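User: Please take a close look at a single part of this model, the open sheet, and work outward from there to the helices and cores around it.

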Amino acid sequence: TGLLAVVMMAGLAGCGSKDDGAGEGSDTAKKELTVYTNSGYKPYEMVDEKGNLYGFDIDVMNEAAKLAGYTVKWEDVDFDGTAYIVPSVKQGKADIGIAGITYTEERAKQVDFSDVYYAGEDAQNYVLTMKSSGMKKTEDIKGKKIGTQMGTIQESILNSLQDEYKLKLDKRKAYSDMVLEMKKGVIDAMVVEKAVAEELAADNEDLSYYKFEAGAELAGNAMIFQKDNKLKDEFNKAIKTMKENGKMDELVKKYFK
């Protein structure tokens, strides 16, 4: 899938924020769109050592924008806060949002969603925990302190289960913070998409993960737009083209092992 923190302009080389040399007023000048994302969400949105955004969502958006005749100006923002991605798109601060965003009825009251561009197994929710925790199934979260990223579908699912499962929720902005808190024993586990769980477990050999069955019907990622904006139809066409010409499968294979 901000901001208490400063919105970071990603005048990022390689992310295509230029007009490709076309002069102002030129027939070949491409229209530029401001796209909000939230890095630190492997393998969807990441930042390399040079400060450039990369990842599955970044490639999906850049390719879809190219097909639709646009260039992209990326802004890397926090997912939560008073000016996070959904309200920012609603208010027109950003043209599009893409950050592993899942459809919910509450979000759909504020913005329009594209067709789902990815809904594979890697988009399903998983519990990430210490190998030593003994947690192995959905019900094992009962009575536990669970970490979740603010403003995400995982937070919504855990909120809905809080009473039934007697959960204590630790809501944070960054997954890295939750991993550290888990290692210190402050929280028992965290709920993330499978792809994210795999990446974090690969970087931390003392972690394990298993499928979180609750809320599985909500999985699937889409782009968001202002209500009744023509961009939605243009990008739905691009997503359809990418699925038909094999480009989407190519990107899935590139980022999801």
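Analyst: The account below begins with the sheet and then moves to its surroundings.

This is a predicted model, so local features are described only where pLDDT is at least 70 and side-chain atom pairs only at pLDDT 80 or more, while totals for chains, interfaces and linings use all residues. Residues are numbered from 1 along each chain as its sequence is written, and side-chain values rest on heavy atoms, with hydrogens and water left out.

The open sheet holds five strands in the order β10-β9-β11-β8-β12, and its pairing is mixed. Strands here are DSSP runs of E with at least two residues, helices are runs of H or I with at least four, and both are numbered from the N terminus; two strands pair if DSSP finds at least two bridges between them. The edges are formed by β10 (168-172) and β12 (207-211), each of which pairs on one side only. Direction ignored, neighbouring strands of the sheet are turned by 30 degrees against each other on average, where axes are lines fitted to C-alpha atoms (for helices over the stretch in contact) and angles run from 0 to 180 degrees between N-to-C directions.

At the β10 edge, β9 (residues 145-149) and β10 pair in the parallel sense over five bridges, and K145 has K168 of β10 as its bridge partner. K168 is exposed, at a relative accessible area of 56%; the cut-offs are over 50% for exposed, under 20% for buried and in between for partly exposed, with a 1.4 Å probe and protein chains only. Neighbours within four places in sequence aside, K168 is in contact (heavy atoms within 4.5 Å) with K144, K145 and I146. K168 and I146 are 22 residues apart in sequence, and their C-alpha atoms are 6.2 Å apart in space.

The connection between these two strands runs from β9 through helix α4 (residues 153-165) to β10, as a right-handed β-α-β crossover; right-handed means that, with the strands pointing away from the viewer, the path from the first strand over the helix to the second runs clockwise. In the loop between α4 and β10 sits K166, a residue other than glycine with a positive phi, near 50 degrees. K166 counts as exposed because its relative accessibility is 63%.

Further into the strand order, V192 belongs to β11 and is buried, with a relative accessible area of 0%. Leaving aside neighbours within four places in sequence, its contacts are Q124, N125, Y126, Q154, Y175 and A197. V192 and A123 lie 69 residues apart along the chain, with 9.0 Å between their C-alpha atoms.

Two further helices meet the sheet. Helix α5 (residues 175-183) packs on it and touches β8 (125-130), β9, β10, β11 (189-193) and β12, with its direction at about 150 degrees to that of β11. Helix α6 (residues 194-203) lies across β8, β11 and β12 and runs at about 125 degrees to β11.

Beyond the sheet, the cores give a wider setting. A nonpolar core is a set of buried Ala, Val, Leu, Ile, Met, Phe, Trp, Tyr and Cys residues joined through side-chain atoms within 4.5 Å. The largest has 48 residues, and F56, M223 and F235 have the most contacts inside it. Its largest share, six residues, comes from α1. Among the contacts of F235, neighbours within four places in sequence aside, are M61, A64, A65 and M223. A second, separate core of 16 residues includes V127, L161, L167 and A214.

Helix α1 (residues 56-68) has 13 residues and, at 1.5 Å a residue, should span 18 Å, which agrees with the 18 Å between its end C-alpha atoms; the expected span is 1.5 Å times one less than the number of residues. Its buried residues, including F56, I58 and V60, pack against β2 (31-37), β4 (53-54), β5 (70-76), β6 (96-97), α7 (231-244) and α8 (247-255). The helix is followed by G69, which has a positive phi near 90 degrees.

Two loop residues complete the picture. P43, in the loop between β2 and β3 (46-47), follows a cis peptide bond from K42, with omega near -5 degrees. D228, in the loop between β13 (224-225) and α7, has a positive phi near 55 degrees although it is a residue other than glycine, and it is exposed, with a relative accessible area of 76%.
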